[in-house]
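User: I'd like a close look at one part of this model, with enough of its surroundings to place it. Please keep the cut-offs explicit, since I may want to recompute things myself.

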Amino acid sequence: WEKHSKEFQNQIFFDKKKINKNLLKNFFKFKTEVGLFSVASPLTEKKTKLSKYIEIIQIIANYHSLSKKVKHEILRSVSESKLFNVDSIIYRNQLLSDRVHSQAYYLSQIKKNTDLQYDDKIFFLDIGSGYGSFSRLFMNFFNNSKGILVDLPETNLFASYYLSVNFPKKRIKFFSDLPEDFVIDHKFFDDCDLVILPPFAVKKISNDLIDLVVNTASLGEMSVEYGEFYLEEINRITKKYFYSSNRKNSIDSIWSGYGHYKYKFKYNWQTILYENSPTWHLEYLGRIIK
């Protein structure tokens, strides 16, 4: 990720100072080895007509197979953002991709297996939030929720733009807006709906504030050092639930990683879900008991 952060910097900035606004507005066309953008825009890459046709059939078939696993009010509503130039599959007026399918599954599992209601005032934390795609879906359903997104600074730049466009009426704060001594507590959200932060700022979150911590396909790609940092903070700040969909371990993987088997839970956690998910990861949902 250090390599990719530098790659992002080189393409996003002119002379390391000015933002390439045209690239930011069309970031789904961003050329990178990272699947961060391409998974949401599966027809962008140069492919033969036959390969695109096969891709379309596979994604539509996956959509229907998910109807057995995903709550119908979620599956029938999820879509890649229609405010961006994504080359996704248009089906039933939804922009479909493997990414939005996975996120529909995560969202449905959270709704089915927790006591969180769509109209509740929920404080959630999305670790490894990318450009904000899952947080957008979550806030569309849990529309009174207040969110904290945490990722690398270069990735946060995309999230800042993406979420500002999708939620023009939401009050979004960025790390550069905050004083050095800021603290994220209930009062912080009196004039804020979303805040986007770099990793170290997780320490600024108050104890037992977060109703739901979410991490998908991210902890398993971190170093052990970073993984342990996040688990320590998750134990400290979680009030209710932690949902994880990550690799079990780093065996036979390109990542040195912090798979689920290395998670260090400080307090007692009631295990609600613990199984292999359709996203090819180990799915875990726990409720903290302090």
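What is the relative accessible area of H72, and does that make the residue buried, exposed or something in between?

Analyst: Happy to help! H72 has a relative accessible area of 43%, which makes it partly exposed (buried is under 20%, exposed over 50%, partly exposed in between, with a 1.4 Å probe and protein chains only). Before going on, note that this is a predicted model, where local features need pLDDT of at least 70 and side-chain atom pairs pLDDT 80 or more, while totals for chains, interfaces and linings use all residues. Residues are numbered from 1 along each chain as its sequence is written, and side-chain values use heavy atoms, without hydrogens or water.

H72 belongs to helix α4, residues 72-75 (helices, H or I of at least four residues, and strands, E of at least two, are DSSP runs numbered from the N terminus). E73 joins K71 through a salt bridge with an N to O distance of 3.7 Å (a side-chain nitrogen of Lys or Arg within 4 Å of a carboxyl oxygen of Asp or Glu). Both partners are partly exposed, E73 at 36% and K71 at 26%.

Going back along the chain, I57 is 15 residues from H72 in sequence, and their C-alpha atoms are 21 Å apart. I57 joins L50, Y53 and I54 in a nonpolar surface patch with about 410 Å² of accessible area together. Patch members have over 30% relative accessible area and no salt bridge; nonpolar side chains (Val, Leu, Ile, Met, Phe, Trp, Tyr) are joined within 5 Å, like charges within 9 Å. The areas are Shrake-Rupley values with a 1.4 Å probe, and for residues only the protein chains shown count as cover. Y53 sits in helix α3, residues 49-65, and is exposed at 52%.

For the wider setting, the chain has eight helices and 12 strands, and its C-alpha trace spans about 55 × 50 × 40 Å along the principal axes. Of its 290 residues, 52% are buried. The chain exposes about 14400 Å², with 51% of that from carbon and sulfur atoms.

Salt bridges come to 10 by the rule above. One of them pairs R287 with D115 at 3.4 Å, N to O. This pair links strand β12 to the loop between α5 (98-113) and β5 (123-127), across 172 residues. R287 is partly exposed at 26%, as is D115 at 35%, and a salt-bridge network links these two residues with K240. K146 and D193 form another bridge, with the closest N and O atoms 3.0 Å apart, and both residues are buried.

S245 offers a contrast in setting: it lies in strand β10, residues 238-246, and is buried with a relative accessible area of 0%. Its side chain makes a polar contact of 3.2 Å with the side chain of T279 (N or O atoms within 3.5 Å, one able to donate a hydrogen and the other to accept it, with sequence neighbours counted only if both atoms are side-chain atoms).

Finally, a backbone detail. Most residues other than glycine have a negative phi. W280 has a positive phi near 70°; this residue is in the loop between β11 (268-276) and β12 (282-289) and is exposed at 80%. R92 also has a positive phi, near 55°, in the loop between β3 (89-91) and β4 (94-96), and is partly exposed at 47%.
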